[in-house]
Amino acid sequence: MERVKKLLVGVPVNGTYVTEVEILKSNGIAERVFTDKLPEKPYTWMGNVLSAALKNLGDEPIGEKCRNEYLNTRSITIPNALLNLSIADVHTLLLEVHRTAWRPVIKKQEAICKYCGTKMLVDIDLNKIEPEEPYEEKVWEELSCDLDDGFTFHAFGKPTDDVRMFDEYDGVTFNRMTFRIPTLRDGIKCETYSDDNVGFWRRIAYGTLESLQAVTDEKVTHELPKEAIIAIGMKLFDVHLFTDDLFKIRETLRETLPILPYFYQDECVNSSCKRMTPVSMEASNFFSD
Ligand SMILES: [Zn+2]
């Protein structure tokens, strides 16, 4: 099987934008790392899996070094180059490692036909999974999200104060957010919240927020200074934004970047239905024996 895989997003490593990786053959050490799942720390686990599985990332050696470290210390220091990988590519590579270095089939997974409701026990063939075409091949630098209600800023301090902080932005509604690409490092930082999807992505949003802009007719009229954003903190997402906008933000962070989907279409086993229905899998079922 071809061991060189495409990164659908890609990552800069030492000045080069890397879009391909090679997956090493698994051995006894890699097996231990893959199956040691750390339920409380899913992103650390994914980082460990990739540390043991990838030959290198650009000119940074990964797999051999990390396997040696694990052999000697029973732990892995996830290399910096890997920590910079987008969460999207981490998910894509997890699936690539599973089907290339572990095994291509996950046996006896439960699926339900979305048309007739028939419960099926299926052996999921990961080799049937392809990227959802067309995806854009480009150098990803930031994600942008236009808000419906937006965030209306109020200068800090009482209206009666002589000098209020950020007074020139008082009453301005900021309706665009830009984010840097969420990385494995961000995932690990927020992983204690990862069983709460909404809370997890809210923290990722705050951690990756690059700018808060007021935009009229595609022109940026104001940009709120970083110090003001820091002073508002998580309250920006927890208190000030409305659900429609929060939903859009999550969607932007999770669904803009290309990714290998964790499902494919298969024929329903019910002979009177036989329609093509999505069969999906959970990352938590990966790397079971
Ligand atoms: Zn059916």
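Select helix H2 (42–53) together with helix H3 (residues 63–73), and look at the place where Ser51, Ala52 and Ala53 of H2 meet Gly63, Cys66, Arg67 and Tyr70 of H3. Sorted by class, the residues of this contact comprise four nonpolar, two polar and one charged. Keep in mind during the whole tour that you are looking at a predicted model. Two packed helices are described by the angle between their axes and by the distance between those axes. For H2 and H3 the angle is about 115° and the axes are 6 Å apart. Angles from 65 to 115 degrees count as roughly perpendicular, and H2 and H3 are therefore described as roughly perpendicular to each other.

Now show the whole protein chain, in which 10 helices and 12 strands are assigned. Taken along the principal axes, its C-alpha atoms fill a box of roughly 70 × 55 × 35 Å. Of the 289 residues in the chain, 33% are buried. Among contacts with a separation of 6 or more, 65% join residues that stand 24 or more positions apart.

Next, colour the two domains separately, taking 4–108 as domain 1 and 142–255 as domain 2, as the domain assignment gives them. Their C-alpha centres lie 32 Å apart. Where they touch, 13 residues of domain 1 are in contact with nine residues of domain 2. On the domain 1 side, the elements that give two or more residues are H2, helix H4 (80–83) and helix H5 (87–102). Which of these elements gives the largest share of that side? The helix from the start of the tour, H2, does so with four residues. By class, this side of domain 1 has eight nonpolar, four polar and one charged residues.

Move on to helix H7 (residues 197–208), where a simple check of length can be made. At 1.5 Å a residue, its 12 residues should span 16 Å, and because the C-alpha atoms at its two ends are 16 Å apart, the expected and computed spans agree. Within H7, select Trp201, Arg202, Arg203, Ile204 and Ala205, which are its buried residues. If you then add the surroundings, you will find that what covers these buried residues includes strand S8 (173–180), helix H6 (184–189), strand S9 (209–216), helix H9 (235–240) and helix H10 (243–255).

Stay with H7 and keep H10 from that list in view. What is the angle at which H7 and H10 pack? The angle is about 80°, and the axes of the two helices are 10 Å apart. That makes H7 roughly perpendicular to H10. In this pair, Trp201, Ile204 and Ala205 of H7 meet Ile249, Arg250, Leu253 and Arg254 of H10. The contact is made up of five nonpolar, no polar and two charged residues.

The remaining stops are in loops. Begin with lysine 114, in the loop between strand S5 (105–112) and S6. Is lysine 114 buried or exposed? Lysine 114 counts as exposed because it has 12 C-beta neighbours inside 10 Å, and 12 or fewer is the cut-off for that label. Leaving aside residues up to four places away in sequence, lysine 114 touches Thr277 and Pro278. The C-alpha atoms of lysine 114 and threonine 277 are separated by 6.1 Å, although the two residues are 163 apart along the chain.

Then select glutamate 132, in the loop between strand S6 (119–125) and strand S7 (142–152). With 11 other C-beta atoms within 10 Å, glutamate 132 is exposed. Add tyrosine 264 to the view, and you have a pair that is 132 residues apart in sequence and 10.0 Å apart in space, C-alpha to C-alpha.

Finish with two residues chosen for their backbone angles. Most residues other than glycine have a negative phi. Glutamate 218, in the loop between S9 and strand S10 (219–223), has a positive phi of about 65° although it is not a glycine. Glutamate 218 counts as exposed because it has 6 C-beta neighbours inside 10 Å. Lysine 274, which is found in the loop between strand S11 (263–267) and strand S12 (276–280), also has a positive phi, near 55°. With 13 other C-beta atoms within 10 Å, lysine 274 is partly exposed.

Technical notes:
Residues numbered from 1 in each chain as written. Predicted model: local features only at pLDDT ≥ 70, side-chain atom pairs only at ≥ 80, totals over all residues. Expected span 1.5 Å × (residues − 1). Buried ≥ 20, exposed ≤ 12 C-beta atoms within 10 Å, placed from the backbone. Contact = placed C-beta atoms within 7 Å. Domains from an automatic or database assignment. Nonpolar A, V, L, I, M, F, W, Y, C, P; charged D, E, K, R; others polar. Axes fitted to C-alpha atoms, helices over the stretch in contact; angles between N-to-C directions. Parallel < 35°, antiparallel > 145°, perpendicular 65-115°, else oblique.
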